[in-house]
Amino acid sequence: MIYSTATVPVNPEGETPLTREQAWAGLVRKARDARLFLPPGLCTRCDVVEESATHLVREATIGGEDLREIITFEPQAKVTFFQATGPREGAIVNELFEDGSGVLRLRFYCYLGLRGKAPNGPEEQAERAQFDGETGYRAALVSTLKRTRELLADGRL
C-alpha cells in the first residue's frame with residue numbers, strides 16, 4: 001500500500017491571502033474539473049456524471065488512464081477522492097485545517113494500492129517515490145492554491 005502526505009500553508013508570505021471559503025471554493029472547483037488545476041494535457045477529460053449535496057461522481061482521463069472517482073465533501077474542511085475504477089484503489093484526501101498557531105493549512109494524504117500489482121512491489125514503490133518527490137503532491141498543493149488565486153483574480157471562482 002502507498003501512504004503519502006504533504007502539508008503547505010494556504011497563505012505563505014508574499015502571496016495574495018485566501019480565506020478558508022476561497023480555498024474551499026478552489027478545492028470544490030478542482031473536484032468538478034481537474035483540467036483547470038493539472039498541468040496542460042495531463043487531464044484530457046473530466047465529466048461530472050452524478051451529484052448530490054454531499055458528493056459527486058466524475059469520470060476522467062488523467063495521464064492517459066480512464067478513471068471513475070466518487071468525491072465526497074465535508075464543507076469548508078475536506079474533499080475525499082475515492083478511486084472507484086482506474087489504476088489505483090483507495091482514497092486521496094485534500095483537507096483544510098488550522099494548525100496549533102491558527103495558521104490555515106492545506107494537507108494532502110492518501111492511502112492507495114495499485115490494482116493488479118504486488119503490494120509494496122516495484123510499481124507501488126515507484127509511485128510512492130513520485131508522490132513524495134519534488135514534483136509530487138506537495139507541488140500539487142502549491143499549484144492548486146496558485147490556480148485558485150488566478151481563478152479568483154479572473155472572477156471565475
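Analyst: Happy to walk through this one! Two strands count as paired if DSSP finds at least two bridges between them. Please keep in mind that the model is predicted.

User: What pattern does the protein follow, read along the sequence?

Analyst: Let's start with the inventory: the protein has three helices and seven strands. Read along the sequence, these elements give the pattern β-α-β-β-β-β-β-β-α-α.

User: How compact is the protein, judged by its radius of gyration against the globule rule for 157 residues?

Analyst: Along the principal axes, the C-alpha atoms fill a box of roughly 45 × 35 × 30 Å. The globule rule gives 15 Å for 157 residues, and the protein is close to that value, so it is as compact as a globular protein of that length, with a radius of gyration of 15 Å.

User: What share of the exposed area do carbon and sulfur atoms supply?

Analyst: Buried residues make up 38% of the 157 residues. The protein exposes about 8300 Å², and the share of this area supplied by carbon and sulfur atoms is 52%.

User: How far apart are the centres of the positive and negative side chains?

Analyst: There are 20 positive and 23 negative side chains in the protein. The centres of these two sets are separated by 2 Å.

User: Which residue takes a positive phi in the hairpin of E5 and E6?

Analyst: E5 and E6 (residues 88–98) run antiparallel and are joined by six bridges, and Phenylalanine 81 stands opposite isoleucine 92 in E6. The hairpin has two residues between the strands, and the one with a positive phi, near 120°, is glycine 86.

User: And which residue takes a positive phi in the hairpin of E4 and E5?

Analyst: E4 (residues 65–74) and E5 (residues 78–85) also run antiparallel, with seven bridges; threonine 72 has threonine 80 in E5 as its bridge partner. Three residues lie between these strands. The one with a positive phi of about 65° is not a glycine; it is partly exposed, with a relative accessible area of 27%, and its name is glutamine 76.

User: Where does asparagine 120 lie?

Analyst: Asparagine 120 has a positive phi of about 60° although it is not a glycine. Its relative accessible area is 41%, which makes it partly exposed, as the range for that class runs from 20% to 50%. Asparagine 120 sits in the loop between E7 and helix H2 (122–132).

User: Which side chains along strand E1 are buried?

Analyst: In a regular strand the side chains alternate between the two faces of the sheet. Strand E1 (residues 2–9) shows this alternation: Tyr3, Thr5, Thr7 and Pro9 point to one face and are not buried. The side chains that point to the other face and are buried are Ile2, Ser4, Ala6 and Val8.

User: What is the bridge partner of isoleucine 2 in E7?

Analyst: E1 and strand E7 (residues 104–114) pair in the antiparallel sense over eight bridges. Within E7, the bridge partner of isoleucine 2 is leucine 112.

User: Which residues does arginine 138 touch, not counting those up to four places away in sequence?

Analyst: Arginine 138 lies in helix H3 (residues 137–153) and is partly exposed, with a relative accessible area of 47%. Its C-alpha atom is 10 Å from that of tyrosine 109, 29 residues away along the chain. Leaving out residues up to four places away in sequence, arginine 138 touches Ala6 and Val8.

Key. Residues numbered from 1 in each chain as written. Predicted model: local features only at pLDDT ≥ 70, side-chain atom pairs only at ≥ 80, totals over all residues. Heavy atoms only, no water. Helix = DSSP H or I, 4+ residues; strand = E, 2+ residues; numbered from the N terminus. Rg over C-alpha atoms; globule rule 2.2 N^0.38 Å. Buried < 20%, exposed > 50% of the residue type's maximum accessible area, 1.4 Å probe, protein only. Areas by Shrake-Rupley, 256 points an atom, 1.4 Å probe, with all protein chains shown as cover. Lys, Arg positive; Asp, Glu negative; His and termini not counted. Charge placed at Lys NZ, Arg CZ, Asp CG, Glu CD. Contact = heavy atoms within 4.5 Å.
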